[in-house]
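Student: Got a minute to go through this one with me? I'd like to talk about its charged side chains.

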Amino acid sequence: MSGLKDAMDKLKKAASKNRDKVDRGVDAAAEAAKKKTQGKYDDQIDTAAEKGKDFMEDQTRDDRDR
């Protein structure tokens with residue numbers, strides 16, 4: 001199990017150092033999903049993207065504070 005924890009710690013560290021890239025990736029994925037669903041679920045996709053960015057912010061906050 002420590003291998004998974006180590007991998008998650010590395011991922012969090014990388015995400016905290018590249019926050020702008022993570023946000024752009026989430027936005028790009030959201031736009032692709034909107035295009036694929038032809039606008040039918042735009043509001044839900046926007047909400048999920050914002051929650052995803054908020055989650056990453058919460059997960060990486062501790063790493064930036066260290």
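Tutor: Below we go through salt bridges, burial and a surface patch. Keep in mind that this is a predicted model.

Student: Fine. How many salt bridges are there?

Tutor: The count comes to 8.

Student: Let's take Lys53. Where is it found?

Tutor: Lys53 is in helix H3, which covers residues 42–65.

Student: Is Lys53 buried or exposed?

Tutor: Buried. Its relative accessibility is 13%, and the cut-off for buried is under 20%.

Student: What does Lys53 touch, leaving out residues up to four places away in sequence?

Tutor: Arg19, Asp23, Val26 and Asp27.

Student: Which of its salt bridges should I look at?

Tutor: Start with Asp27. The closest N and O atoms of Asp27 and Lys53 are 2.7 Å apart. Asp27 sits in helix H2 and Lys53 in helix H3, so this pair ties together parts 26 residues apart in sequence.

Student: And how open is Asp27?

Tutor: Asp27 is partly exposed, at 34% relative accessible area.

Student: What about Glu50 and Lys53?

Tutor: Their side chains also meet in a salt bridge, at 3.4 Å from N to O. Both residues lie in helix H3, 3 residues apart, or about one turn. Glu50 is partly exposed, with 42% relative accessible area.

Student: Are there networks too, or should I treat each bridge alone?

Tutor: Salt bridges with shared partners join Arg19, Asp23 and Glu57 into one network.

Student: What is the N to O distance between Asp23 and Arg19?

Tutor: That salt bridge is 3.1 Å, N to O. Asp23 and Arg19 both belong to helix H2 (residues 19–36), and they are 4 residues apart, about one turn of the helix.

Student: Which is buried and which is partly exposed, Arg19 or Asp23?

Tutor: Arg19 is buried, at 17% relative accessible area. Asp23 is partly exposed, at 22%.

Student: Switching to helix H1. Is Lys10 buried or exposed?

Tutor: Lys10 is exposed, with a relative accessible area of 63%. Lys10 is in helix H1.

Student: How far is Lys10 from Asp23?

Tutor: They are 18 Å apart in space, C-alpha to C-alpha, and 13 residues apart in sequence.

Student: Last topic, the nonpolar surface patch. Which residues form it?

Tutor: Leu4, Met8 and Leu11. Together they have about 290 Å² of accessible area.

Student: And where is Leu11 placed?

Tutor: Leu11 is in helix H1, which spans residues 2–17.

Conventions: Residues are numbered from 1 along each chain as its sequence is written. This is a predicted model: local features need pLDDT of at least 70, side-chain atom pairs count only at pLDDT 80 or more; totals for chains, interfaces and linings use all residues. Side-chain values use heavy atoms; hydrogens and water are left out. Patches are made of residues with over 30% relative accessible area and no salt bridge: like charges are joined within 9 Å, nonpolar side chains (Val, Leu, Ile, Met, Phe, Trp, Tyr) within 5 Å. Accessible areas come from the Shrake-Rupley method with a 1.4 Å probe; for residues, only the protein chains shown count as cover. A salt bridge is a side-chain nitrogen of Lys or Arg within 4 Å of a carboxyl oxygen of Asp or Glu. Helices (H or I, at least four residues) and strands (E, at least two) are DSSP runs, numbered from the N terminus. Buried means under 20% relative accessible area, exposed over 50%, partly exposed in between (1.4 Å probe, protein chains only). Contact means heavy atoms within 4.5 Å.
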